[in-house]
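Biologist: I'm new to this one and would love a guided tour. Can we take it feature by feature?

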Amino acid sequence: MIIQHKATKSIASRRWLICLSLIVSTFVFLLLQPELPAAYASSKDAKKSSAAVSGQELEKPKPVFTKIDETISAKLIPRAKSTSVIIDFNVSKGGKLIDVKGMDFEKAARPEVDIKNYKSSLFIVEIGDVLPVGSDATLSISSDFFSSGTEYRVFNEKLPQPWFNSECHNVASKGRVRELIISIKDGGPFDSDGEANGSITFVGGPRDSFWGYALGTLFIRFFGIFLVLSVLMAGMMLSGVIFSRIEAKKSQKESDDTSNLSGSDVIEPASAELEEPQEEAVAGAESSQEEEPQPFESQVDDYEIAAAIATALHLHFQRRSPSVAAESQDFPTTASRIICPVQTNTWSNDGRTQMMRDRQMSFNRTNR
Amino acid sequence: MSWSQVLELIQNILISQTGLPHITWGQLVMLFIGLLFLYMAIAKEYEPLLLLPIGFGIFLVNFPITPLMGFTEHGTPELIRVFYKYGVEWEVIPCVIFLGLGAMTDFGPLIANPKTLLIGAGAQLGVFVTYIGVLFFGFTLKEAASVGIIGGADGPTTIYLTAKLAPHLLGANALAAYSYMAMVPLIQPPIMRLMTTDAQRKIKMRQLRYVSPREKLLFPLIACTLILLLIPAVAPLMGMFMLGNLMRESGVVKRLSDTAQNSLMNIVTIFLGLSVGATMQAEVFLNWKPLMIFVFGLLDFIVCTFGGIITVHIMNMFLKEKMNPLIGSAGVSAVPMAARVAHSEGLKADPSNWLLMHAMGPNLAGVIGSAAAAGMFIAMFQ
């Protein structure tokens, strides 16, 4: 019956696979149809939704700027983050911070530059009052979002190689804040206006290695799961030992009490599992004599407990029986007979099969 | 009113108030897909509890200009949008489902053999392999994480993580997760046979020890404490899961436990299915990403099965009492399907080898492992 069930399941699963293949084929067919995107373009809502499909678009940082004293702060949710970060801009010497604005990456996109490496935004920093004209100003950009590997890349479209590294100093600051210190020469390669005029326009953004982060975090988090579950395993093993001892002490005490009451001819229970059901069964029997008749469900429980006790006693005595020991010569040790009672006779084999099926049913969580 | 004015009025009504002129090829395809899933659910009874509302959700929202998933002019959400917003977007329904699952779960096999927790961890290998794999195909980190979790084979966890990180992929991810969960009996056996020898499949494991009710009662508290101290981000899922289990094991709130297992679970399943189905509008769903998700979802399941079995092989190098490597495949948390598959493969090798209860350990560990993986991903983006 089980084999038949499995065969049915397997055929059913194959049909399921065929249907999924059909869906996938439909997809491929549709994707190859040139008129399909045009059909979407006809709908205004569709345009919005299509744009929303792109994860890059959804995760585009939208910085909001605030100015406090000489510091301008950008608050934004970077790519691959769900919480906002704050990036502070400040000119420490050689000029005055005039303004900081966000810039779309598309304007600076080049084939050799991967947007994924720029998790926060690109910024246009304007510095004025650079005196004397043509001298250096020092820009400080700080955030707890930066790591020791963060670089600050500069974009200057007037240069043949528009993207280059600013070679900034990455310094650890208070708390977990890191500070990127960049020296910018008025009219130099970092200055997008290209003129030594006492004003600097500095375009660029912080860069972190996307693949380095993705692979690094992969290993750390995979082994993190092992760590978490190992800690849980250790906790459970420890509690298992404690509970086993408590149970053993309890059963020892109860067995001592029983032998004191009834003398030495009382049969010991085959295992600790039997004790509680026996107690419950006895308690149930007593209460049923005194109180109203039990509802059907609790009667069923009693029958089940009685059946379980009968089965256990049967197996227990059968194990002691010399005829059974002679039958099971292939399994000479007691331990192996306990582990494999299925070898003893057809009665216990059937019983075990039935019990295992019932347990299997109790784990049926089809509501998932 | 002249005839021309009457005709113009009729024309206006037909154009602006009926759906027919607005229907697109994409919507027709989605209607077909919706009907296909309804057929699967009703005629073939594949995961009908979820595929029926999902199928009908797809069917409903792909009729043009229907006021179901949008917002009114005043910004009030329309009917299914309300279910989606408060149920899925606010992360309520997956957590309530976890409450029900906790109330349904007997952790006895896992408590009796805690070593199987490591198998649950090993079976998360596919989650991370897929995460890297899809990054090569232009997915963002958040999208990659939400696709990776499909291999954890846990529907509510997949929905929870996807709703949090990449809501635009919710429909495809949920559909892939539930579809492949239904296909576990087809996907896993060839990998299991490939990765084990006949002798290994015949390994008999010792009868699990007795677990006292007191031990089962304390398990949700111990597990909750340890997991939440290490991964606080998983608190909504794990907290509800362990609350459900505590209600079950305490035995003093049978009414609450029954409600969580049955009525509440059924109610939220209706809203979850409908909301997930309703996210699959043609203009969002018909692109190359869902296709990739289905392909990588399958790969994910295969690698997760591989990861579970290989973990048992590695553990067997150090254990005196060897474990049957077939139970490694149950490390994916498709409860109890994966455990049944391990059990039936064991029976094929030796008809007297009952692996079901042994496989339930890694199966339950898989639930905790996939929730832990989801927590890791959530923490990564915080």
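Modeller: Sure. Let's begin with burial in chain A: 37% of its 368 residues count as buried. Keep in mind that this is a predicted model.

Biologist: What does the surface of chain A come to, and how much of it belongs to carbon and sulfur atoms?

Modeller: The accessible surface is about 21,500 Å², and carbon and sulfur atoms hold 58% of that. As for its make-up, chain A has 10 helices and 11 strands. Among its contacts between residues at least 6 apart in sequence, 61% join residues at least 24 apart.

Biologist: How do I read the two faces of a strand?

Modeller: The general idea is that side chains in a regular strand alternate between the two faces of the sheet. Now take strand S10 of chain A, residues 178-185. Its covered face has Arg178(A), Leu180(A), Ile182(A) and Ile184(A). On the uncovered face you find Glu179(A), Ile181(A), Ser183(A) and Lys185(A).

Biologist: Which strands pair with S10(A)?

Modeller: Strand S6, residues 136-143 of chain A, pairs with S10(A) in the antiparallel sense over eight bridges. There, Ser142(A) has Glu179(A) as its bridge partner. Strand S9, residues 169-172, is also antiparallel to S10(A), over four bridges, and Ala172(A) is partnered with Arg178(A). The hairpin of S9(A) and S10(A) has five residues between the strands, and Gly175(A) takes a positive phi near 65° in it.

Biologist: Now the aromatic rings. How many pairs are there over all chains?

Modeller: The count is 28 aromatic pairs. For one of them, Phe210(A) and Trp211(A), the ring centres are 5.2 Å apart and the planes stand at 85°, so the pair is edge-to-face; planes over 60 degrees apart earn that label.

Biologist: Are those two residues buried or partly exposed?

Modeller: Phe210(A) is buried, with a relative accessible area of 5%, while Trp211(A) is partly exposed at 27%. In chain B, Phe59(B) and Phe63(B) are edge-to-face too, with centres 5.1 Å apart and planes at 85°. Phe63(B) is partly exposed, at 32% relative accessible area.

Biologist: Which residues do ring pairs link into a cluster?

Modeller: From chain A, Phe222(A), Phe223(A) and Phe226(A); from chain B, Phe128(B), Tyr131(B) and Phe377(B).

Biologist: And where does a charge sit over a ring?

Modeller: Look at Lys289(B): its charged end is over the ring of Phe139(B), 5.2 Å from the centre. Likewise, Lys85(B) lies over the face of Tyr86(B), 6.0 Å from the ring centre.

Methods
Residues are numbered from 1 along each chain as its sequence is written. Chains are lettered from A and ligands numbered from 1 in the order in which they are written. This is a predicted model: local features need pLDDT of at least 70, side-chain atom pairs count only at pLDDT 80 or more; totals for chains, interfaces and linings use all residues. Side-chain values use heavy atoms; hydrogens and water are left out. Rings of Phe, Tyr and Trp (its six-membered ring) pair if their centres lie within 6.5 Å; planes under 30 degrees apart count as stacked, over 60 as edge-to-face and the rest as tilted. Buried means under 20% relative accessible area, exposed over 50%, partly exposed in between (1.4 Å probe, protein chains only). A charge sits over a ring if NZ of Lys or CZ of Arg is within 6 Å of the ring centre and within 35 degrees of the ring normal. Helices (H or I, at least four residues) and strands (E, at least two) are DSSP runs, numbered from the N terminus. Contact means heavy atoms within 4.5 Å. Accessible areas come from the Shrake-Rupley method with a 1.4 Å probe; for residues, only the protein chains shown count as cover. Two strands pair if DSSP finds at least two bridges between them.
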